[in-house]
Amino acid sequence: MSHRNKHVKVVIRTRPTSEYAQNIINFSEDGKSVNIHVPKNAEGGYINNQQEDWDFQYDNILHNVSQEAVYEECVRDILKNVLEGYNGTILAYGQTGAGKTFTMTGATENYKHRGLIPRAIAQMFREISDRPQYSYTIRISYIEIYNEQMIDLLGNLPDCLKGENLHVIEDKNGSASVKGLAVKIANSEEEALSYLFEGETVRSIAEHQLNRNSSRSHCIFTMYVESRSRLESSEKVLYSKLNLVDLAGSERLSKTQTTGVMLREAMYINKSLTFLEQVIIALADKRRGHIPYRQSKLTNVLRDALGGNCNTLMIANIRCERDYIEETISTLRFATRMMCVTTTPEINVQYDPLALIKKYEREIKELKQELSMHDTLANRSHVHHEPFTDAQKLELQRQVKAYLQNEEEELEVVSLRQIKELFSQFRALYKAQEREIEDWQRIHRSQLKLQPSATREEAVDTHAVMSKADKDDGVGELEGTGFGVGLAPSGGRAGGMAGARAGNKDKRRKSRIPSTTLPPAQSLTSLVQASTTNEAEELLREQPALGADQLIPSSQKPSDHATAPEQANLHALPPLPKQRALAPSSRADEFEAFKRGKGSEMNRILIENKGILKEKKRQAKELAEQVNEVKRQIDVHKTKIEGKRQTRSTTVTAGSSEDVIIDEEEYILLSTLKELRQQYRDHYDQLGSMRSDIDYCSRLVDQCRQKLMTEFEQWYEQRYGGQIADEGEDGQIEDLMDIGEKFDKLQMERMSQEDPDSVAFYTAKKNSERKLTKGQRVRKH
């Protein structure tokens, strides 16, 4: 199932302003077209071919609308299609300061002003809860493209900031994916929002004249959806993804007046947007055979959304002030080109191999049942379509032998499986006969070598005699030319020589073993010390069967330690009454007793981990002080070197072209500065490693503490059951909250009453702030 080709949907959103250029920008009443009129400049003279009017048609124009209206128009339908197996992409394009980041992410301080990404996350989990017949798995990734370098915003710091392990790869279907990108499972709305806020704290943001919080990179937030039916044992699995792209804004350097690092960032941003426009132009041209996706990381990652298997929508953000009319016209032109691009959305279906195997097994079983029913109706119930068992194979082998010996005239053919098994039995018999002939020829050749004087006629006679002996039904060994003893009568008993041998064995046994009966232990010792196997067997036949009381040593029997009356008294004692649960004392006292008793080992581990964590923090503090000291020395040396250079520049004449010569003191300062920089890098690397160890030790301490509390709860429950402790009705130790925690609790209670849907949003934001504060605190130490 697939949709027909459809063009990329384009929606225009204006940024609210108090300086709206009414004489220049006009929107139609139907909200689908915009007209821009720019009067000609009088300085152009009489012959002025400057264009004055521009008319643009789009799918919709959102002028001064809320975030909720933008979401309903742009995202809701695409997200529902994503849950049905279609890919979706939302792009925010426009000049810097036009409101792209506000549209996609929104203001995290206010729940009502949240952007499209938080709203899409909320709708995603609401839709999943409304579809209990399907099982969904949601995965999250967040990637940033900064100066043509991909950075994983959800990866582990500081490795994620390097971006060296991220590469765009292409699968056999032409879809692009990022190798090495961290994709995390989100089980709830709060968890998905936490990933969003975590990535937002790492994004590259700077300030210039047109925007205080200008995004210096392209960001792609992706939700991967995997769904399968819970009602049907279907092997069909749906895979889809929703890309929410916040593109960096195009900049005019003459207006932003950026320099240094920001200038370099602006050059990379404009370059990547230029490559994006080239790809759009190539996709709009049906005669183009090659699409330059690989020119930039942005177009290579978004190749599915740009003319591929995806429902794509672009939000073009514009500013309606007179000062930005040129940028607005440029954005509208790009949006018009984007509408010429067509996509082919299709349902992404894959099949689970294990489910397919089960399905095929079920179909084979049903077909066999149907075939058996058909055979029964055709009076062929004796036909079997199952694989032959060992007994059936032996029976078929007997029939084949009878057929080869002319005992049966023909073999009845009832099924194709029987024919295959017949051929297998023929081949097996042929191979066996072939091996028998080869073995006989080898034996015959060896006999000829051992008896070179024997004639061929003697060998033939010997073979005839041996063949005749093989056909006789005799027992015993062959002597001479084949003499053998006949069959023994079935009712006969061993006598004669057998009796003589038994008598000799009895004599030998009687000469070695006394006639008196041995105790059980001595009898077993005699068995072990028997010189031959026959003697041991004879001893076992003569000794009586040993009972359980004979096998147990006398020192371990209960009767040796207690008399009969005492045993009777023991059996007569009444059973012990069940011990009543002890009355619980203070829960804190019980916890201290538990740490000294049953939980002493876990408490010891917790104390050791706390000591290690404390030592790591002390070492980190010392390293931080060393880093700061080295940095201070570097600044001092830089100041001295700068002073030397200024002094030298004043002494050198302006027209002098001689090489710069430094004195010995400046050389020593430069050498020391180089050593200090190397020392600074070494200490800083050690500090980073130490911070990682501190994070690991902190998690270890938390796990040990949690395990100790869990074991205490189990121990307390087993010891006191459901009895109430002294601390309160719930039996829990009172957790004293500080002022900040009490404020957060009151705020959560208020928000849950006013807007229950906002609790997950604020909880995720609060958790992200706590992680950020904790990381900053660790970096300070």
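**Figure 1. Salt bridge within helix H12, between Arg398 and Glu395.** At 36% relative accessibility, Glu395 counts as partly exposed in this predicted model, and Arg398, at 43% relative accessibility, is likewise classed as partly exposed. The two residues both belong to helix H12 (residues 390–404), where they are three residues apart, about one turn of the helix. Their side chains form a salt bridge in which the closest N and O atoms are 2.7 Å apart. Elsewhere, Arg139, Glu226 and Arg228 are joined into one network by salt bridges that share partners.

**Figure 2. Salt bridge between strand E2 and helix H1, formed by Lys9 and Glu73.** Across the structure there are 24 salt bridges. One of them pairs Lys9 with Glu73, with the closest N and O atoms 3.4 Å apart. Because Lys9 lies in strand E2 (residues 9–14) and Glu73 in helix H1 (residues 67–74), the pair ties together parts that are 64 residues apart in sequence. Lys9 is partly exposed at 28% relative accessibility, and Glu73 is partly exposed at 27%.

**Figure 3. Surroundings of Arg319, which takes part in a salt bridge and also lies over an aromatic ring.** The side chain of Arg319 meets that of Glu321 in a salt bridge with an N to O distance of 3.7 Å. Arg319 is buried, its relative accessible area being 7%, and Glu321 is buried as well, at 8% relative accessibility. Arg319 also lies over the face of Tyr324, at 4.1 Å from the ring centre. Between the two salt-bridge residues in the numbering comes Cys320, which counts as buried at 0% relative accessibility. Cys704, in another part of the chain, is buried too, with a relative accessibility of 9%, and the count of disulfides in the structure comes to zero.

**Figure 4. Strand E16 and its pairing partners E7, E15 and E19.** Strand E16 (residues 236–246) is largely enclosed by the rest of the structure, because nine of its 11 residues are buried. Strand E7 (residues 88–94) runs parallel to E16 and is joined to it by five bridges, with Ile90 standing opposite Leu244 of E16. The pairing of E15 with E16 is antiparallel and extends over nine bridges; here Cys219 stands opposite Asp246 in E16. Strand E19 (residues 349–351) pairs with E16 in the antiparallel sense over three bridges, and the bridge partner of Leu238 in E19 is Val349.

**Figure 5. Edge-to-face aromatic pair of Tyr142 and Phe221.** A search of the whole structure finds 12 aromatic pairs. In the pair formed by Tyr142 and Phe221, the rings are 5.2 Å apart from centre to centre, and an angle of 85 degrees between the planes accompanies the edge-to-face arrangement. The pair links distant parts of the chain, since Tyr142 is located in strand E8 (residues 134–146) and Phe221 in strand E15 (residues 218–229), 79 residues apart. Both partners are classed as buried, Tyr142 with a relative accessible area of 2% and Phe221 with one of 0%.

**Figure 6. Aromatic cluster of five residues, and a further arginine over a ring.** Phe591, Phe594, Phe712, Trp715 and Tyr716 together form one aromatic cluster. In a separate region, Arg114 lies over the face of Tyr111, at a distance of 3.9 Å from the ring centre.

**Figure 7. Environment of Val701 in helix H22.** Val701 is found in helix H22 (residues 664–720) and, at 4% relative accessibility, counts as buried. Leaving aside neighbours within four places in sequence, Val701 is in contact with Leu606, Asn609, Lys610 and Leu613. For one of these, Asn609, the C-alpha to C-alpha distance from Val701 is 5.9 Å, although the two residues are 92 residues apart in sequence.

**Figure 8. Hairpin formed by strands E10 and E11.** Strand E10 (residues 167–170) and strand E11 (residues 176–179) pair in the antiparallel sense, with four bridges between them. Within this pairing, His167 has Lys179 of E11 as its bridge partner. Five residues lie between the two strands of the hairpin, and in the turn Gly174 adopts a positive phi of about 90 degrees.

Conventions
Residues numbered from 1 in each chain as written. Predicted model: local features only at pLDDT ≥ 70, side-chain atom pairs only at ≥ 80, totals over all residues. Heavy atoms only, no water. Pairing = 2+ DSSP bridges. Phe/Tyr/Trp six-rings, centres within 6.5 Å; stacked < 30°, edge-to-face > 60°. Buried < 20%, exposed > 50% of the residue type's maximum accessible area, 1.4 Å probe, protein only. Lys NZ or Arg CZ within 6 Å of the ring centre and 35° of its normal. Contact = heavy atoms within 4.5 Å. Disulfide = S-S within 2.5 Å. Salt bridge = Lys/Arg side-chain N within 4 Å of Asp/Glu carboxyl O.
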